[in-house]
Amino acid sequence: MPLPVLLLRAAGAWTRLRPPSVPGRSFRYGGRLGLAGPPRLPPAPPAPRRLLLAGSATGCVVLGLLRTAAHCQEATVPAVPPAAPEPPESPPEPPFDWPLFWTFLRPQLLALSAAVVLALGAALLNVRIPVLLGQLVNVVARCARGHVSTYLREVRRPALRLLAVYCLQGLMTFGYIALLARVGEQVAGNMRKALFSALLRQEVAFFDATRTGQLVTRLTADIQEFKSSFKLAISQGLRSGTQTAGCFVSLYLLSPKLTGLLLVALPVLVSAGAFIGAFLRSLSRQAQEQVAKATVVADEALGNVRTVRAFAMEEQQAGLFRAEVDRAGHLSEQLGFGIAAFQGLSNLALNGIVLGTIFVGGSLMAGDELSPGDLMSFLVASQTVQRSMANISILMGQVVRGLSAGARVFELLRLEPLVPLQGGISIPAHSLRGHICFNHVSFSYPTRPGYRVLEDFSLTLPPCQTVAIVGPSGGGKSTVAALLERFYEPTAGTITLDGHDIASLDPSWLRGQVIGFISQEPVLFGTTIMENIRFGKPGASDAEVYEAARLADADGFIRSFPEGYDTIVGERGTALSGGQKQRIAIARALLKDPAVLILDEATSALDAQAERAVQEALDRAAAGRTVLLIAHRLSTVQDAHLIAVLAQGRVVEVRRGAGRGRAAPGRPQVTPSGCPRCLHRQGLTSSWCDGGVSTPSSSDGRLRRGPEGSPRCSPINRGWKADGGLPFVVGCCEGSSGPLEGALGTGEGAGPGRGRG
Ligand SMILES: Nc1ncnc2c1ncn2[C@@H]1O[C@H](COP(=O)(O)OP(=O)(O)OP(=O)(O)O)[C@@H](O)[C@H]1O
């Protein structure tokens, strides 16, 4: 690599010594874990004046060096306007976790040791080369004018020695680079795998508080940066350090006077290069950020091309993109001009050093203080020193950045989830009923602790019944579902499944086998339909997948595709209609045959026709399961057994619905005599029913609390009639107390305001 370029890179590295500040990240959930690294996505552009000032300050030094002081006048521009808010203080960098790093390094120790030995060997040979070269030149100078055969005889020995050293050095270089590449890739790969697993283990609140882009940056750019720094530290660090020390000894032995001159000139040159490089580096960063801005414009426009088309905004978007690209081009041209000037100046300076060395060395030769070979050795060794010093400068910045990147990765690796993925009890399949009770639950999201979403929320979902929650947007309906999935922990109160607090249950069993979740916006993965459905139960056979698809009314349209179940659904399922996506999501949820089904606005994003198809699929899916149905409008939940109206975090009203769940072909009908899931448990009385029994409705259709002193549990299969005259079961295995509790827990009809805790 040409020396000017090395110097430029060295200078660039110096500017990176201080990691850029980032708007603070608030984690757990107010700053313990900072995800403080520099985002690789383009940061918000600095205020123009601030940029000008910063650029000018650096630039002034450089331009002073370049004797173009006129440009420095920009530095007199007043500072940032007083009204400008101070940028938030960036959180402190996490310390580098050496013990954790060691766990990744230890398996590679053998290869690493071999690489270190080879790198040191190559460096020592590099120190030896100028000396051997000088000896060869001395022989050439002495014999060149003599007879050819004498010349050949004399020159053969030093030439062969030099050739052997060249070959050995080449071999060692190959060895240590190849070994380091292996070690680096192994360490980085293992770190990446461990980090991905660690991230997937984190609770949902962690992802609320963290931008996905930042996590992807940790997985990709930070580990890449760390790997590069690690490899560079071993290869360049060892080699350049050894070469610099060794060559200085050689230089001193060759000529103390010339070495003294070099010691004065070199640091001045490297420092000047560092300053100019700093300026160019900042210019380069601005140009890159500008290119990133143009990319964002293109990304948004192309990603939302339907919206752009719908508003006929093509020309406007193209204009936006043109402006950003022009700005980027202007900055890049400035950068190119700066690099050209730098290259020219540094070539001049470095050639000046060579000329100066030859000039002073020639005078020493005239005084018999130096041989031609010594001068040659000196020139080559001094070039090696210059290269090594530039490399060390690069290394300093690179190591600092690598350590910060590694520290950020290790910080995430150390993070323990508040809710572990596994651990706890699970209810045996034969005694799982799906009876769910929310008992006086209060909840605030960890990212918004002062805002109560649920306040003393109580509701019971009897087994095999469909309980709908309706209410205004933002009332907390989806939050109820999220708490049942144990995405979050209630701030107060408990949620029980068949009498067990779900906090004591194994979360992966609960989510993986008990609860099926179907949301408004089904998320599919960009793979085949078969794989997407199998996501619900990884070990499922093809026959099970077909059965689930049939139940979800998806089998027909899937088979109508030329590729059938092997059809790729496109990124996030874009190659499917909304209704088709939803039915695949239903099949996915049904594959695990969940005892509890959560339907969160499952049809609200669909048009009338798709809604009908999906609704039929959902009706089949609901048969024989406890269903939590979430909807905005009362009209969409009339078929539920019970309807709870949620407002401001509380149940303010409970009504009975028609309660007619349609049975799917091949699935038994839910009858007043008991639901299929629980039939085999008829005759059991429950010890987990917690108060109140169902009573006939009042004239206004609402359920009222039973008389004081009602039995704690009513017998199973206690059928009664809903308003519509349709018979249904209120709790196939016990009395239905829950809905009443929902009303009673908060005071019926009361509309308490949500507290700010
Ligand atoms: N991850 C989150 N972090 C912080 N606050 C949240 C989060 N999710 C929801 N909220 C807030 O909690 C409140 C209840 O939201 P939720 O999604 O449960 O309401 P919803 O009744 O389901 O609304 P919609 O019918 O519009 O889906 C809202 O004020 C919302 O802003």
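A polar contact is a pair of N or O atoms within 3.5 Å; within protein, one atom must be able to donate a hydrogen and the other to accept it, and residues adjacent in sequence count only if both atoms are side-chain atoms. The model is predicted, with local features needing pLDDT of at least 70 and side-chain atom pairs counting only at pLDDT 80 or more, while totals for chains, interfaces and linings use all residues. Residues are numbered from 1 along each chain as its sequence is written, and side-chain values use heavy atoms, with hydrogens and water left out.

**Exercise 1. Place Thr 210 and find its backbone partner.**

Step 1: Look in the loop between helix 6 (204-209) and helix 7 (212-254), where Thr 210 is found. Helices here are DSSP runs (H or I, at least four residues) and strands likewise (E, at least two), numbered from the N terminus.

Step 2: Thr 210 counts as buried because its relative accessibility is 5% (buried means under 20% relative accessible area, exposed over 50%, partly exposed in between, with a 1.4 Å probe and protein chains only).

Step 3: A polar atom of the Thr 210 side chain lies 2.6 Å from the backbone oxygen of Phe 206.

**Exercise 2. Work out the strand order of the open sheet and its edges.**

Step 1: Four strands make up the open sheet, in the order 2-1-4-5, with antiparallel pairing. Two strands pair if DSSP finds at least two bridges between them.

Step 2: Strand 2 (452-461) and strand 5 (500-501) are the edge strands, each pairing on one side only.

Step 3: Strand 5 runs antiparallel to strand 4 (residues 492-497), and two bridges join them. For Thr 496, the bridge partner in strand 5 is Asp 501.

**Exercise 3. Describe the residues around the largest cavity.**

Step 1: A cavity is a set of points, on a 1 Å grid over the protein atoms alone, where a 1.4 Å probe fits but cannot get out; lining residues have an atom within 4 Å of a point. A volume is the space filled by probe spheres set on the points, which are joined across faces, edges and corners.

Step 2: There are two cavities of 30 Å³ or more, and the largest has a volume of about 130 Å³.

Step 3: Of the 13 residues lining the largest cavity, Glu 601, Thr 603, Ile 630, Ala 631 and Thr 636 are the closest to its centre. Helix 18 (608-622) and strand 8 (626-631) are the elements that give two or more residues to this lining.

Note on methods. 1 Å grid on protein atoms, 1.4 Å probe; cavity = no way out; pocket = protein on both sides within 12 Å on 5 of 7 lines; lining within 4 Å. Nonpolar A, V, L, I, M, F, W, Y, C, P; charged D, E, K, R; others polar.
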